[in-house]
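Hi there,

I am passing this structure over to you, as promised. Please have a look at it first, and then read on for my notes.

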Amino acid sequence: MRPMSARKRIRAALVGCGTVGGATARILLQDKELLLRRSGVEVELVALVDKSFDHARSLGIPEDIFRSDLDEVLADPTLDVIIELAGGVEFPRTLISRALDAGKHVVTANKALLALHGRELFAKAREKGLTIGFEASCAGGIPVIRAITDGLLANEIDAIYGILNGTSNYILSEMIHKGSSYADSLDQAQQIGLAEADPSLDVQGGDTAHKIAIMSSLAFGISPEFTDIPVSGIDNLDEQDVLAGRDLGYVVKLLAVAHRTPLGVAMWVGPAFISREHPLAWVEGPFNAVSIYGHAVGHTLFYGRGAGGDPTASAVISDILGLALGITPALFGHTGFWPDRNGETRQLPAGSEELRFYLRIMAVDKPGVLAAISTILAREQISIASLHQNEQARGQELIPVVITTHTCTRQAMNRAVQEINALDITGAGAVLLPIVDEHPEKIS
Ligand SMILES: NC(=O)C1=CN([C@@H]2O[C@H](COP(=O)(O)OP(=O)(O)OC[C@H]3O[C@@H](n4cnc5c(N)ncnc54)[C@H](OP(=O)(O)O)[C@@H]3O)[C@@H](O)[C@H]2O)C=CC1
Ligand SMILES: N[C@@H](CC=O)C(=O)O
């Protein structure tokens, strides 16, 4: 074996010993030798702060590191890094700010916090000559932050497409492949530690939006206005659309999309159809995948577990080691696109991106219905790609008419849907889902 160069030491305190914090503490303690052998870094976990230590005790974490007094921990001059794994927004915002004031580096998995207040916290870290590691904030165990800020540095990033929420992907897989109910699947996702403390962030798309906002700021050098990102989740998805899409050769996924257009970066989050041949279509269960397109490298695809204690701890620990090795500070100090360094936002106004759509309308089965619908679509310059009316449903008061369109803007589509919904021959709100095609490689 090659002799190891000088051993480095880093002293860490961890705040929040839940799913991710517990796994991080356990791995740091159990695998101390492995980490030292692989990285040359000795991580000393010297303090663990939580509201209760029951979970930490159940993991066999030694009680002599349990601390209830955060002030005392922050005042320890020998401490190098605070690992924030408490979740929420206001408490960690204050905690990280105080940790930076106390001269400590920070590692966090908190995407909600960074999407909303990252700019301010990164600016403060830079001013103090400190670093915030946040690999675990996006796509759990997949080292995608490092990929964007290091491995893909030679590229102008053109697009990111991702399945970024393990909980939603898990729920969709359970419902589609095992026939489980939505409620049971969500409950299961919570039991196995995938979901956020507030699971509405998962199923309504907010968590995915936090992640794409962070990744876009690094990839495109923009400061996304979080509230300007159109977001929807899987909570209102109707099984009949999942099945109708499947008949058309599509799979439904909760997607995050961000790509350059001449007028700015288009960004949105929502359930969408992708071809069953698309590489993201076979991503199942708690797995995430991120497709990143660079001008030199072309299409890259990163795949792995996007949620859960151990996979996320893997990313947290790589940040701690990266700090000790000087890798993360070097990237933070030298490279171009960080939330606090980015200029003004160039986000495409919501709804103006060109997309294909799936549209399901519940309509009466009588002459002139399709003509009325297609007239409205034509007025908005929306061209129909396919149209299917379910013969089996004949006899019901309203039957589904499924239309796929050629590309048009969401604004045009929304206007058309509003008019269609107002017709007296159509029923409850039409369902609109984007159809996402394979992104073109723009390699030079
Ligand atoms: N779970 C996952 O798969 C992933 C989670 N993340 C992120 O990691 C972070 C932690 O998530 P997770 O481990 O799932 O959350 P958990 O709710 O399982 O754990 C959080 C822990 O922190 C404690 N805590 C909360 N507030 C305080 C406080 N003020 N002082 C001390 N302790 C506090 C909680 O105590 P109590 O329960 O009593 O409130 C709990 O023990 C979040 O930001 C989350 O978004 C990122 C990637 C994946
Ligand atoms: N709740 C999140 C956890 C990881 O970020 C998810 O399900 O992806």
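Below is what I found, going from the overall layout to single residues and back to the strands.

Before anything else, please keep in mind that this is a predicted model.

**Layout**

The domain assignment splits the protein into domain 1 (8-137), domain 2 (144-305) and domain 3 (354-436). If you take the C-alpha centres of domain 1 and domain 3, they are 51 Å apart.

**The sheet with β1**

A good place to start is an open sheet of six strands, whose order is β3-β2-β1-β4-β5-β6 and whose pairing is parallel. Its edges are formed by β3 (66-67) and β6 (132-133), each of which pairs on one side only. Within the sheet, strand β1 (residues 8-15) is joined to strand β4 (residues 81-84) by four bridges, in the parallel sense. To find this pairing on your screen, look for A12, which stands opposite V81 in β4.

**Ligand 1 and helix α1**

Ligand 1 has 28 residues around it, and the ones that come nearest are G16, G18, V20, G87 and A307. By class, this shell holds twelve nonpolar, twelve polar and four charged residues. Domain 1 (8-137) and domain 2 (144-305) each supply at least three residues to the shell around ligand 1. Helix α1 gives the most to that shell, namely three residues.

The UniProt record, in an unreviewed entry, lists V15, G16, C17, G18, T19, V20, G21 and G22 under "binding site". Two of these residues are worth a closer look.

- T19 sits in helix α1 (residues 19-30). It counts as buried because 24 C-beta neighbours lie inside 10 Å, and 20 or more are needed for that label. Apart from its neighbours within four places in sequence, T19 is in contact with G193 and G309.
- G21 is in helix α1 too. With 29 C-beta neighbours inside 10 Å, G21 also counts as buried. Its contacts, leaving out residues up to four places away in sequence, are L14, G16 and L85.

**K211 and K111**

Which residue does UniProt give as "active site"? The unreviewed entry places that feature at K211, a residue of helix α11 (residues 206-220). Is K211 buried or exposed? It is buried, since 28 other C-beta atoms are within 10 Å of its own and the label asks for 20 or more. Setting aside residues up to four places away in sequence, K211 touches K111, S137, C138, A139, L164 and A256.

One of those contacts, K111, has an annotation of its own: the unreviewed UniProt entry covers K111 with "binding site". K111 belongs to helix α6 (residues 111-128), and K111 is buried, with 28 other C-beta atoms within 10 Å. Beyond residues up to four places away in sequence, K111 touches S137, C138, D207, H210, K211 and I214. S137 and C138 thus appear among the contacts of K211 and among those of K111.

**Ligand 2**

The residues surrounding ligand 2 are G140, N165, G166, T167, L194, A195, E196, D202, D207, G306 and A307. They divide into three nonpolar, five polar and three charged. You have met two of these names already: D207 is in contact with K111, and A307 is among the residues nearest to ligand 1.

**Strand β9 and its partners**

Last, have a look at strand β9 (residues 264-275). Ten of its twelve residues are buried, so β9 is largely enclosed by the rest of the structure. What does β9 pair with? On the one hand there is strand β8 (residues 250-261), which runs antiparallel to β9 and is joined to it by twelve bridges. β8 and β9 make a hairpin with two residues between them, and Y250 stands opposite S275 in β9. On the other hand, β9 pairs with strand β16 (residues 431-436) over two bridges in the parallel sense. There, F273 stands opposite I435 in β16.

Happy to go through any of this with you on the screen.

Best wishes

Notes
Residues are numbered from 1 along each chain as its sequence is written. Chains are lettered from A and ligands numbered from 1 in the order in which they are written. This is a predicted model: local features need pLDDT of at least 70, side-chain atom pairs count only at pLDDT 80 or more; totals for chains, interfaces and linings use all residues. Two strands pair if DSSP finds at least two bridges between them. A residue is near a molecule or strand if its C-beta atom, placed from the backbone, lies within 6 Å of it. Ala, Val, Leu, Ile, Met, Phe, Trp, Tyr, Cys and Pro count as nonpolar, Asp, Glu, Lys and Arg as charged, and the others, Gly among them, as polar. UniProt positions are given in the numbering used here, feature names are shortened, and annotations may be inferred rather than shown by experiment. Two residues are in contact if their C-beta atoms, placed from the backbone, lie within 7 Å. Domain bounds come from an automatic or database domain assignment.
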